[in-house]
Amino acid sequence: MAGRFWSFEGIDGSGKSTQARVLAETLRTAGHEVVLTREPGGSPGAEQIRRLVLEGESDRWSAETEILLFTAARRDHLEKTIRPALARGAVVITDRFADSTRMYQGISRGDLAKVVDDLHALMIGVEPDLTFLIDLPAEMGLARAHSRAGSEMRFEDMGLALQSQMRHGFLALAAKLSRFAVIDGTQTQDDIAAQILAIAQAHLG
Ligand code: ADP
Ligand code: TYD
C-alpha cells in the first residue's frame with residue numbers, strides 16, 4: 001500500500017490521544033494527507049461496537065467475547081477507513097490497534113495471547129509500520145484518566161494492578177518488535193511531541 005500506517009499505544013491516560021492529535025496537526029500543516037482515527041471505533045459500525053465494549057459493568061463481557069467484539073470492530077475499521085486511506089497514500093494515525101487487544105484481552109484475565117494472535121492472523125493480518133508506545137507508571141496514567149472521567153470507564157475501573165501489568169506487557173512487546181518506539185510519557189507534552197515528530201519525519205524519509 002502507498003500510505004503509512006502508524007499507531008499509538010499505552011495504558012489508559014498515557015497521553016496517546018493528545019499526542020496523536022498533535023502529530024496529525026503538525027503533519028497536515030506540512031502538507032500531508034493525514035487520517036487520524038481510533039480504536040475501538042474509527043468507522044460508523046466500529047463506533048457502535050465501541051459503545052457495547054466501553055460502557056457498563058466491568059464484568060459485562062468475558063475476555064473471549066471481548067476479543068471477538070474488538071476484532072469485529074477492527075475488521076470494519078480496516079475495511080472502511082484504514083485500507084482506503086492507505087490506498088490513497090495517506091498517513092493513517094490510529095489511537096490504539098491490535099497491540100491493545102494483545103494486552104487488555106490477551107494477558108489481563110488469564111493467558112489468551114494465542115487466541116488473540118490466531119484471530120488477528122485470520123481476520124486482520126496487518127500491523128502498523130511504526131508504533132509509538134507512550135510509557136508511564138500506572139499510577140500516573142490512572143490519575144490522568146480519572147481526571148477526565150466519563151461513561152467509558154470499564155477498563156480504568158479494573159484498577160491499578162491491571163494497568164501496571166499491562167504497562168509491563170507493552171514494554172515486553174516493544175522489546176521484541178522493531179516497529180516500536182518507546183517514549184517516556186512523564187515528560188512535558190511539548191517534549192514528547194518533539195521526540196515523536198523527529199521519529200515520524202525519519203520514517204517519512
Ligand atoms: P490517553 O489517550 O492515552 O488516555 P490523553 O491524551 O487523553 O491520554 O491524556 C490523558 C490526560 O492527561 C488528559 O487530561 C491530558 O490533557 C493529560 N496529559 C496528556 N499528556 C500529558 C503530559 N505529558 N503531561 C501531563 N498531562 C498530560
Ligand atoms: P481509549 O479510548 O483509547 O481509552 P484511554 O483514552 O483511556 O486510553 O480506549 C478505550 C479502552 O478500550 C481502553 O481502556 C483500552 C480498551 N481496549 C481494549 O481493551 N482492547 C482493545 O483492543 C482496544 C483497542 C481498546
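# Helix α3, two ligands and some buried residues

Me: Where along α3 is there a bend?
Reply: Happily, we can start right there. In this predicted model, α3 bends by about 45 degrees at Leu-78. That angle is taken between axes fitted to the seven residues ending at Leu-78 and the seven starting there.

Me: How do you know that the length of α3 agrees with its number of residues?
Reply: The expected span is 1.5 Å times one less than the number of residues. For the 26 residues of α3 this comes to 38 Å, and the end C-alpha atoms lie 36 Å apart, which agrees. Just after the helix comes Gly-89, with a positive phi near 95 degrees.

Me: Why is Ile-82 called buried?
Reply: The cut-off for buried is under 20% relative accessible area. Ile-82 has 1%, so the label applies. This residue belongs to helix α3. Its C-alpha atom is 16 Å from that of Phe-70, which is 12 residues away along the chain.

Me: And what makes Ala-85 count as buried?
Reply: The reasoning is just as short: Ala-85 has 0% relative accessibility, therefore it counts as buried. Ala-85 also sits in helix α3. From its C-alpha to that of Glu-33 the distance is 9.0 Å, although 52 residues separate the two in sequence.

Me: Let's turn to ligand 2. Which helices each supply at least two residues of the shell around it?
Reply: They are α2 (44-54), α3 (63-88) and α4 (98-104). The largest share comes from α4, with 3 residues. The shell has 16 residues, and Asp-12, Arg-96, Thr-101, Gln-105 and Arg-148 are the nearest of them. Sorted by class, 8 are charged, 5 nonpolar and 3 polar.

Me: What makes the approach of Arg-96 to ligand 2 a polar contact?
Reply: A polar contact needs a pair of N or O atoms within 3.5 Å. A polar side-chain atom of Arg-96 is 2.7 Å from an oxygen atom of ligand 2, and that meets the cut-off. Two other arginines pass as well: a side-chain N or O atom of Arg-50 is 2.9 Å from an oxygen atom of the ligand, and for a polar side-chain atom of Arg-74 the distance is 3.2 Å. On its own ligand 2 exposes 550 Å², of which the protein buries 94%.

Me: Why is Arg-96 called buried?
Reply: Its relative accessible area is 10%, and since buried means under 20%, Arg-96 qualifies. Arg-96 is in the loop between β3 (91-95) and α4.

Me: What makes the phi of Arg-96 worth a remark?
Reply: Most residues other than glycine have a negative phi. Arg-96 is not a glycine, yet its phi is positive, near 85 degrees.

Me: What kind of peptide bond joins Glu-39 and Pro-40, cis or trans?
Reply: The bond is cis, with omega at about -10 degrees. For background, most peptide bonds are trans. Pro-40 itself lies in the loop between β2 (34-38) and α2.

Me: Now for ligand 1. How do you know that Gly-13 makes a polar contact with it?
Reply: The limit is again 3.5 Å between N or O atoms. A polar backbone atom of Gly-13 comes to 2.9 Å from an oxygen atom of ligand 1, which is within that limit. Ser-14 passes too, with a backbone N or O atom 3.1 Å from an oxygen atom of the ligand. So does Arg-144, whose side chain has an N or O atom 3.3 Å from a nitrogen atom of ligand 1. The protein covers 75% of the 560 Å² of accessible area that ligand 1 has alone.

Me: Which residues come nearest to ligand 1?
Reply: Of the 13 residues around ligand 1, these are Gly-13, Lys-16, Ser-17, Thr-18 and Arg-148. At least two residues of the shell come from each of α1 (16-29) and α8 (189-204), and α1 gives the most, with 3. By class there are 8 polar, 3 charged and 2 nonpolar residues.

Me: One last residue: why does Ser-108 count as buried?
Reply: Its relative accessible area is 12%, which falls under the 20% cut-off, so Ser-108 is buried. Ser-108 is found in the loop between α4 and α5 (113-123). Its side chain reaches the backbone oxygen of Tyr-104 at 2.3 Å.

Key:
Residues are numbered from 1 along each chain as its sequence is written. Chains are lettered from A and ligands numbered from 1 in the order in which they are written. This is a predicted model: local features need pLDDT of at least 70, side-chain atom pairs count only at pLDDT 80 or more; totals for chains, interfaces and linings use all residues. Side-chain values use heavy atoms; hydrogens and water are left out. A residue is near a molecule or strand if one of its heavy atoms lies within 4 Å of it. A polar contact is a pair of N or O atoms within 3.5 Å; within protein, one must be able to donate a hydrogen and the other to accept it, and residues adjacent in sequence count only if both atoms are side-chain atoms. Accessible areas come from the Shrake-Rupley method with a 1.4 Å probe; for residues, only the protein chains shown count as cover. Helices (H or I, at least four residues) and strands (E, at least two) are DSSP runs, numbered from the N terminus. Ala, Val, Leu, Ile, Met, Phe, Trp, Tyr, Cys and Pro count as nonpolar, Asp, Glu, Lys and Arg as charged, and the others, Gly among them, as polar. Buried means under 20% relative accessible area, exposed over 50%, partly exposed in between (1.4 Å probe, protein chains only).
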